[in-house]
Amino acid sequence: MTSTTVPNPDPTTVIADIRRRAAAGTLPLTVQILQLLGASMEIEARLAAAEAVFPGITHLTDEKPAALAVFRAERRNIPYGTFTTREVARAFAEARLVRRRTLPAGVTTGWVPDSGDEDACEDLVMFGPGPDDEGTTGIRITVLPVRVDFDPDAEG
């Protein structure tokens, strides 16, 4: 088992070595080893669940934190809900619009971003039925960054 002979070995390598030796039958399965293997499986399952909800959350490093954000659907600054993806926030907001009012025949909706930035806030707008007809709904998706570290010099 080479990983334990190195000063300060990578824990992932140590666990992999233990799993490999346990599977090969060359490691005595003591209570402590079984507990370690069980705990590592539970941690891996929790990390996988966290990654599914917040993509990138398990890849945070000391050098550069991952950019995380949540998306708030709101109407005239009154929050409807906060979601982990833009797509879910849009779907919720569009469903809320349809529940609140009947759209006239020939009217379509679309999302208009504030800028070309991928993290731009968006407004839900109605188009049609005429070529120059456009109306606001007051519904907006606001991007809220989630801070993963403390920076006393950061704005806000």
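**Salt bridges and the two sides of H3**

At 23% relative accessibility, Arg 72 counts as partly exposed, a label used here for anything between buried (under 20% relative accessible area) and exposed (over 50%), with a 1.4 Å probe and protein chains only. The structure is a predicted model, so local features need pLDDT of at least 70 and side-chain atom pairs count only at pLDDT 80 or more, while totals for chains, interfaces and linings use all residues. Residues are numbered from 1 along each chain as its sequence is written, and side-chain values use heavy atoms, with hydrogens and water left out.

Back to Arg 72: its side chain meets that of Glu 74 in a salt bridge, at 2.6 Å from N to O. A salt bridge here is a side-chain nitrogen of Lys or Arg within 4 Å of a carboxyl oxygen of Asp or Glu. Glu 74, at 3% relative accessibility, counts as buried.

The structure holds 8 salt bridges. One of them joins Arg 19 to Glu 44, with the closest N and O atoms 3.1 Å apart. This pair ties together distant parts of the chain, since Arg 19 sits in helix H1 (residues 11-24) and Glu 44 in helix H2 (residues 31-53), 25 residues apart. Helices (H or I, at least four residues) and strands (E, at least two) are DSSP runs, numbered from the N terminus. Both partners are partly exposed: Arg 19 has a relative accessible area of 31%, and Glu 44 has one of 40%.

Asp 123 pairs with Arg 140 in another salt bridge, the closest N and O atoms being 2.9 Å apart. Here too the link is between distant parts of the chain, with Asp 123 in strand E4 and Arg 140 in strand E5, 17 residues apart. Asp 123 is partly exposed, at 27% relative accessible area. Arg 86, Arg 90 and Glu 122, meanwhile, are linked in a network of salt bridges.

Arg 86 also turns up among the buried residues of H3, alongside Ala 89, Ala 93 and Leu 97. These residues lie on the same side of H3 because they cover an arc of only 70° around the axis, taken from the directions from the helix axis to the C-beta atoms. On the other side of H3, Glu 87, Val 98 and Arg 99 are exposed. What covers the buried residues of H3 includes strands E1 (68-75), E2 (78-83), E3 (108-113), E4 (122-127) and E5 (134-146), where contact means heavy atoms within 4.5 Å. As for length, H3 (residues 86-100) has 15 residues and reaches 21 Å from its first C-alpha to its last, close to the 21 Å expected at 1.5 Å a residue; that expected span is 1.5 Å times one less than the number of residues.
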